[in-house]
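Subject: Structure for you, with notes on its cavities and pockets

Dear colleague,

I am handing over the structure below, and would be grateful if you could look through it with the notes that follow.

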Amino acid sequence: MYKLCVNPRVHKGHINPEIQGHFSEHLGRGIYEGLFVREGDNIDNINGMRQDVVKALKELKVPVLRWPGGCFADEYHWKDGIGPKENRKKMINTHWGGVVEDNSFGTHEFMELCDQLGCKNYVNGNVGSGTVQEMQEWVEYMTFDGVSPMADLREKNGHKSPWKVDYFGVGNENWGCGGNMPPEYYAGLYRRYQTYVRDYKQGEHLFKVACGANVDDYNWTEGVMGTAFAQAPWMHGFMDGLSLHYYTHPGGWEHKGSALEFDDKMWYQTLSKTLYMEELITRHQAIMDKYDKEHKVGIIVDEWGTWYDCEPGTNPGFLYQQNTIRDALVAGINLNIFNKHCDRVKMANIAQMINVLQAVILTDGERMIKTPTYHVFNMYKYHQDAELLDSYVETKKIGLVDEYMVPNLTESVSLGTDGKIHATITNLSCEENYDINISVADTDLKSVTGEIVGGEIHLHNTFDEPENVVVRKFDEVKLLEKGEATLSIPASSVIHLAFEI
């Protein structure tokens, strides 16, 4: 029997709701056909936002949405996406599929979407092909309440009052698709561009995110922190957050592997690569700690998730993939890791929300399905705004080959805003159940409820069978005396337990 120990008296940090954030780029069918309904399409919508999707996302309590990219952000010119739709410029989406982007979804539409979802917004600005003036005017257009050309233009386009912009990314992947820059060069540009990303309203601070590293490029973190933070500590280094991007490619970048066709070896290989997120956060944080000992700058993991070969017969530039129990485990593992590092990780954004990569929702015309990843997010929402509790679970190494051995269990535990203790546990074995004894120190456990997402590792939802994977009640937890409980966690599953204390 494995032991999970919890000390509710020791709070390790605050779990920002934004750790369960999302990302939607102008990519494939993510926005068009996924979130946004063009005029003339016969899908129920309010102001262009398809209501079946909005309803499902509101159930998740989506805390924040990042837009417009991604690589698209550094070729996006925001003025192309405002004003009458018939007058908006058309462009070729050179990054994703070579299709025509008609800019019918722009700033006003994005803000409308966030308003309907009840979530914060995270806008990504253009450093790669844009100008300082362009970025400054966009921030002014969105947030300035007064007399100015941009405020007047916003009113002309139908929105007199300004919006509140919560997060602003100064560039995206500027080490690659955002300009192929070395870190010190980008850091210098960041210092310049962010100067004009102003707080126009007293008392409202626009959280600025600098472009961080690609995976394990620790030299990038060193260069950006050394140039953009260390030389201006009195200004918090001009930044509030530093991004990190890491995707799980089971078979490597060139041959990523199928979303549906994989064996047990690939199962463990996928989970092993997912667990690399722990090392990445730890090592990047160590570099940041040299310059920012007070943890004023948050790690913003604004792109993460599985990335497989696209589904056969689909546009390879659309990055459409299916979603199985394997993805549910990837989601649970990552969210547990982010919770455990909530003292430094302040936001994370799964890539992506609809129809792209590790999506929580897939659509086909008027039809919509929730993926296994969706259901994991739905269970983990109880961690939002919670206090991380000190916890530890005993584990053993499992797997089929030495290179891809993984711990059999991962967990995170929090004290929720509802006053309950919430534990989320993943079982990484594709065949073995494990007995667990939970011990909560000096606490009387009055009752417990549980829910689970799991099953055979290839199980997934389709448009003909949309409920193969759902959240099911898990009532196999036995309460003992002195704050203890026992359970058996099934193979390849993610569970959520809520203890009343």
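Please keep in mind while reading that this is a predicted model. When the whole structure is searched for enclosed space, four cavities of 30 Å³ or more are found, and the largest of them has a volume of about 90 Å³. Its lining is made up of Thr143, Lys164, Val165, Arg198, Asp199, Tyr200, Lys201, Glu204, His205 and Leu206; by class, these residues divide into five charged, three nonpolar and two polar.

Turning to the open pockets, the largest one holds about 430 Å³ of space. It is lined by 19 residues, of which Glu278, Pro407, Leu409, Thr410 and Glu411 are the closest to its centre. Five elements each supply at least two residues of this lining, namely the helices α7 (264–291) and α8 (325–340) and the strands β16 (387–393), β18 (406–407) and β19 (409–415). The largest share, four residues, comes from α8, and the lining as a whole divides into nine nonpolar, six polar and four charged residues.

The second largest pocket contains about 280 Å³ of space, and the residues closest to its centre, out of the 21 that line it, are Glu173, Trp175, Tyr247, Trp253 and Trp307. Strand β11 (residues 241–248) gives the largest share of this lining, with three residues, while by class the lining divides into 12 nonpolar, six polar and three charged residues.

Since α8 gives the largest share of the lining of the largest pocket, I looked at this helix separately. Of its 16 residues, 15 are buried, each with under 20% relative accessible area, and α8 is therefore largely enclosed by the rest of the structure. As for its length, a rise of 1.5 Å a residue leads one to expect that the 16 residues of α8 span 22 Å, and the C-alpha atoms at its two ends are 23 Å apart, which agrees with that expectation. At the start of α8, a side-chain oxygen of Thr324 comes to within 3.1 Å of the backbone nitrogen of Arg326.

If you have time for one region, I would suggest beginning with the largest pocket, around Glu278, Pro407, Leu409, Thr410 and Glu411, and going on from there to α8, which supplies four residues of its lining.

With best wishes

Methods
Residues are numbered from 1 along each chain as its sequence is written. This is a predicted model: local features need pLDDT of at least 70, side-chain atom pairs count only at pLDDT 80 or more; totals for chains, interfaces and linings use all residues. Side-chain values use heavy atoms; hydrogens and water are left out. On a 1 Å grid over the protein atoms alone, a cavity is a set of points where a 1.4 Å probe fits but cannot get out, and a pocket is an open set with protein on both sides within 12 Å along at least five of seven lines; lining residues have an atom within 4 Å of a point. Grid points are joined across faces, edges and corners, and a volume is the space filled by probe spheres set on the points. Ala, Val, Leu, Ile, Met, Phe, Trp, Tyr, Cys and Pro count as nonpolar, Asp, Glu, Lys and Arg as charged, and the others, Gly among them, as polar. The expected span of a helix is 1.5 Å times one less than its number of residues. Buried means under 20% relative accessible area, exposed over 50%, partly exposed in between (1.4 Å probe, protein chains only). A polar contact is a pair of N or O atoms within 3.5 Å; within protein, one must be able to donate a hydrogen and the other to accept it, and residues adjacent in sequence count only if both atoms are side-chain atoms.
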